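Reader: Please take a close look at a single part of this model, the open sheet of chain B, and then place that part in its surroundings.

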Amino acid sequence: MPRTMRHILVALVPVAAMALLPLVYSNQLLLFNFVVFMILAQGINVIYGFTGYLPFGYFGFFGAGAYGFAISIMHLRMTPLPALGMAAIAAVVLALVLVPLFRLSGAYFAIANLAAGLAVYQVVSNPSLDNITKGPYGISLPAVFDPNFSYGIALVLLAATMMTVIYLRNSKFGLSLQAIRDDAVSAAMAGVNVVRLRVMAWLLSAVIAGLVGGVFAWYISVFYPQTVFSLDFSIFAIVFALFGGMTTILGPIIGVVILYGIYNLIGISTPQYFELVYGLLIMGLVLFQPNGVVALFKRWGIDVP
Amino acid sequence: MAMRKIFFIFFVASLVAVACRAGATEVPKQIKIGTLYASSGTFAPLSMPVHYGLKLWVDRMNAEGGVYIKAYGKRIPIKLISYDDQSNTATAASLYDQLITQDKVNILIADAGSVLTSVALPIAREHKMLLIDPIGIGAPFFTPDSPYIVLIGGPVSTIWCKNIHEFITDEGPKLGIKRVAILYSTNDFTGTQANTIRKAIEKSRTGIKVVYDQGVPTSTTSYTVIINGIKAAKPDAVIELGYPINDISFLRNLRESGVKFKWLFTSYPGMETEHFEKTVGVKGLYYVYTDMPASIMNYKAAFGMSLPEFHAAWNKQYPGGKVGFDFNSVVGYTTGLVLEKALGSAASMDQLALRQAIVGLSGKLKTLDGTFAVDPKTGAQIGETMPIGQILPSGKDGIKLIVVYPKQLATGKLVYPAP
């Protein structure tokens, strides 16, 4: 079987699992949160895994998508599906505005990106924009509230995100991005258009976050700026992706299943033990398995793409 | 033939017995109350006292054999199912769903504060569960098309500041207040209050002008430049609306800058007096006007413990000051008491019957939190308003709080302008 086809079949497993789980488990919101973090972790995979740029302010795209969706519903009277398109556009516009941040690298990029995310939050929650964003007073979209349909769309988005990562894993574009990540100067000398490809990956990653932000807004339908511009989304997605394994197809998904699973099993009932277990897991991983859980499977001879 | 007759009678009797059994209400062994709390994160200082107040009520009820439920005609023990959302909205959302779909609670109580309450709204509505809202006072929650929410422990944000703007427009002209400055943190709670106060002053036609009107991010902790900006506008009265951290920073910066305002209002010194004495210093609180919450007012409750009794019970149950006693403790306990009254009068355990029973208490129930009054159309709390108090020097390095507005509740004479 061709490699790409095998990857596609493997990638469909988590999508199918998340589609079937509501039939046996009725807390759909918990399952929805799993899907949201799977998509966000894959979005982090695209920008951090393939280009090496760590976006601490990734929640900014998520929030921009949520507000792009909400504003389209409230002011443009759109139905949810076209409004999701506006969510993606809002994230792309923000990503384009932030392109100059690529002049920075490493920790400087991460911190500047975080500041940018927080700045967007302050702008959106400014009372002077009450007529447009509802300022700090919160959004309510009861007319479009449809948990089942929005859950279905989230699954479609998860599938599309998985396909995107498969494309990056198996295409010249993805290889070029990895070359840039490993050594931008050498890549440029080999004929790779570093600036253009990096911006494309950045926009792709922003679109993913914007779309999932829009679906999130659709599903929960009542939210405040601090709900969607929450640093937790960035931190969780980055940790999940790192834990599972960057630049892999299933790594971020495995990271979400294990870590978000642990979070929901013991993180809520006994947060003190959860922090201990979480801390030990992450420390152990960084020290002994920096390439994530997937690398561990590979060492055991199990091929996880 | 006789045998047939016996069989027929037996058959009919069986049918009647089955029908009677089906018609009878099955009494559960326990009533499950589901709620969330935040032990860490932004909302922990608000959430934990509310949760502990509610827990104290549950423990007292269970010590008496449970809560009386009219629909079953007997006392039934309460099982409190509570989860820690750690101030995370995504976690809170899935936990609300967990309480409804997995734990199948009979009664759903929201976490404290508007942000953590907001995510419960659509979930409660979808599952047709009444959301008992202790102190999520965001005005957008309460609309006539949403019957599945009722606010218990504090007035909705548009009513919260009623006494501030009424003081300014009623008493202001008599005192010579003509110019007002409004500084507020840009969040739902204080932003809504600022809007309401601004509109009320403009509408009052008293000639009072808003000469300074500025929103700042809720994360603001440096006010020195802002204070000088307010001073330059020469206001007679300054209203600063923020969360405790904002109020503390503002008052500290004000004391350090040496600037004095003739009339200054901030919300939290009255609600968290001991904390403000430690962080701002006693002198920094002199002559400040503030909200006078139920934890100070000592309202005479129609049932349940009095404020001193509740305070003593709190100290006994939570020794060592691990969770501070404040207004939110009263809110948590009051939520339980209102629920107790409603369960004692609701005709059935149907969620809308429960809402009807709660709304039916409106105007009739005096709680530790003041007069309980709910808007029957929206479920918003419109009673339990906050009187205005002033902090005055008392003895050597001490303070005392007096109520100055509304006049019928006044316990002392206000000092204006502040020396």
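Author: Two strands are taken to pair if DSSP finds at least two bridges between them. Strands (E, at least two residues) and helices (H or I, at least four) are DSSP runs, numbered from the N terminus. The model is a predicted one, in which local features need pLDDT of at least 70 and side-chain atom pairs count only at pLDDT 80 or more, while totals for chains, interfaces and linings use all residues. Residues are numbered from 1 along each chain as its sequence is written, and chains are lettered from A and ligands numbered from 1 in the order in which they are written.

The sheet in chain B is open and has seven strands, in the order S9-S8-S10-S11-S12-S15-S16, with mixed pairing. Its edges are strand S9 (209–216) and strand S16 (398–405) of chain B; each has a single partner strand, so one side of each is left without a neighbour in the sheet. On average, neighbouring strands of this sheet are turned by 25° against each other, direction ignored. Axes here are lines fitted to C-alpha atoms, for helices over the stretch in contact, and angles between N-to-C directions run from 0 to 180 degrees.

Within the sheet, strand S10 (residues 237–241) and strand S11 (residues 264–266) of chain B run parallel and are joined by three bridges. Opposite Ile239(B) stands Phe265(B) in S11(B). Helix H11 (residues 244–257) of chain B packs on the sheet, where it touches strand S8 (179–185), S10 and S11 of chain B, and its direction makes about 150° with that of S11(B). Contact means that the C-beta atoms of two residues, placed from the backbone, lie within 7 Å.

As for the surroundings, chain B has 16 helices and 16 strands. Its C-alpha atoms fill a box of roughly 105 × 45 × 40 Å, taken along the principal axes. Of the contacts in chain B with a separation of 6 or more, 67% are between residues 24 or more positions apart. A residue is buried if 20 or more other C-beta atoms lie within 10 Å of its own, exposed if 12 or fewer, and partly exposed in between, with C-beta atoms placed from the backbone. Of the 419 residues of chain B, 51% count as buried. Asn298(B), in the loop between helix H13 (294–297) and helix H14 (307–317) of chain B, counts as exposed because it has 12 C-beta neighbours inside 10 Å.
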